[in-house]
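This report covers helix packing and salt bridges, and begins with one of the charged side chains.

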Amino acid sequence: MCGPSLAPSHSLATERKEAALFTYPFSSEIGAGDIPQDLQEALWREINSRVGEGDGPGPLTRLEKSLILVRISGAMLNSPRTHLHCLAALKAGATLDQVAEACVSVITVGMLRWKMASMDALSCAEAWARERRLPPRTRPAPEKGMAQRIEEIREYIRKALSREFPDMWERLVEVAPFALDGYMRIRGGLLRSGGAIPKHIKELMVVGSDIVQGNAWGAGMHAGQAIRDGATVAQM
């Protein structure tokens, strides 16, 4: 008979293997610095518990849970958790196309969620996938009239807002141009002149909501637009 094994238990060995897969310091991709290994392992243990590591078969797979949690974390403006669940999805077998779609879906909650949580998470997921030579994301198929529509949006930004195309929209053009088109159509309808609320007041509403959500870029852009639409300094 063999004596007691000195090798790590199966669960501990699995945990260490999972942690080793997570050694890419995803925060470096967005300039946030490296995450210490012990902290990465602790974070990964939490993710494992959230998505049901070791659970028996259930109505949702680990991959499906991870994709749902990408959306939830992005909607909550929780950038670190969005990063983690993107990686969890990839490790569970998701494609980059699936992760990208989950990240972009958060735009239905608001563009700010894409800018402040999902966009960087997708960049880090792509970097992590490159490290492991996973298949790249599929480029979106050209849609009739979309190229012209994107150029119209670019021109609108230059003329109406006196700004160059922001990085969050450049990324959407690359990943999901239809999402940017849809967002701009909603935005144009809601912030149009001639509605029940004066245009400059609508812009001040956006300024206030951007401030409380920590979006300095958006608050500044809409503050300038409010002034151009007739808001006074006292109102601002």
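## A salt bridge within helix α7

In this predicted model, E155 counts as partly exposed, because its relative accessibility is 33%, whereas K159, at 65%, counts as exposed. The two side chains form a salt bridge in which the closest N and O atoms are 3.6 Å apart. Both residues belong to helix α7, where they are separated by four residues, about one turn of the helix.

## A salt bridge within helix α10

Helix α10, which comprises residues 199-212, holds a pair with the spacing of four residues, about one turn of the helix, namely E203 and K199. Their closest N and O atoms are 2.7 Å apart, and the pair forms a salt bridge. E203 has a relative accessibility of 1% and therefore counts as buried, and K199, at 16%, counts as buried as well, since the cut-off for a buried residue is under 20%.

## A salt bridge between α6 and the loop that follows

A search of the whole structure finds 15 salt bridges, and one that links a helix to a loop is formed by the side chains of E126 and R137, with an N to O distance of 2.7 Å. E126 lies in helix α6 and R137 in the loop between α6 and α7, so the pair ties together parts that are eleven residues apart in sequence. Relative accessibility is 12% for E126, which counts as buried, and 13% for R137, which also counts as buried.

## Packing of α5 against α6

Helix α6 spans residues 111-131, and α5 packs with α6 at an angle of about 170°, their axes being 9 Å apart. That angle makes α5 roughly antiparallel to α6, because angles over 145 degrees are assigned to that class.

From α5, the residues L96, V99, A100, C103 and V104 take part in the contact, and they meet W114, S118, L122, A125, E126 and A129 of α6. By residue type, the contact of α5 with α6 consists of nine nonpolar residues, one polar and one charged. E126 thus appears both among the residues that meet α5 and in the salt bridge with R137.

## Helix α9 and its neighbours

Helix α9 covers residues 177-190, a run of 14 residues, and the distance from its first C-alpha to its last is 20 Å, close to the 20 Å expected at 1.5 Å a residue. Its buried residues are P177, A179, L180, D181, M184 and R187. These residues pack against α5 (96-104), α7 (146-160), α8 (167-175) and α11 (216-228).

Note on methods. Residues are numbered from 1 along each chain as its sequence is written. This is a predicted model: local features need pLDDT of at least 70, side-chain atom pairs count only at pLDDT 80 or more; totals for chains, interfaces and linings use all residues. Side-chain values use heavy atoms; hydrogens and water are left out. Helices (H or I, at least four residues) and strands (E, at least two) are DSSP runs, numbered from the N terminus. The expected span of a helix is 1.5 Å times one less than its number of residues. Buried means under 20% relative accessible area, exposed over 50%, partly exposed in between (1.4 Å probe, protein chains only). Contact means heavy atoms within 4.5 Å. Axes are lines fitted to C-alpha atoms, for helices over the stretch in contact, and angles run from 0 to 180 degrees between N-to-C directions. Angles under 35 degrees count as roughly parallel, over 145 as roughly antiparallel, 65 to 115 as roughly perpendicular and the rest as oblique. Ala, Val, Leu, Ile, Met, Phe, Trp, Tyr, Cys and Pro count as nonpolar, Asp, Glu, Lys and Arg as charged, and the others, Gly among them, as polar. A salt bridge is a side-chain nitrogen of Lys or Arg within 4 Å of a carboxyl oxygen of Asp or Glu.
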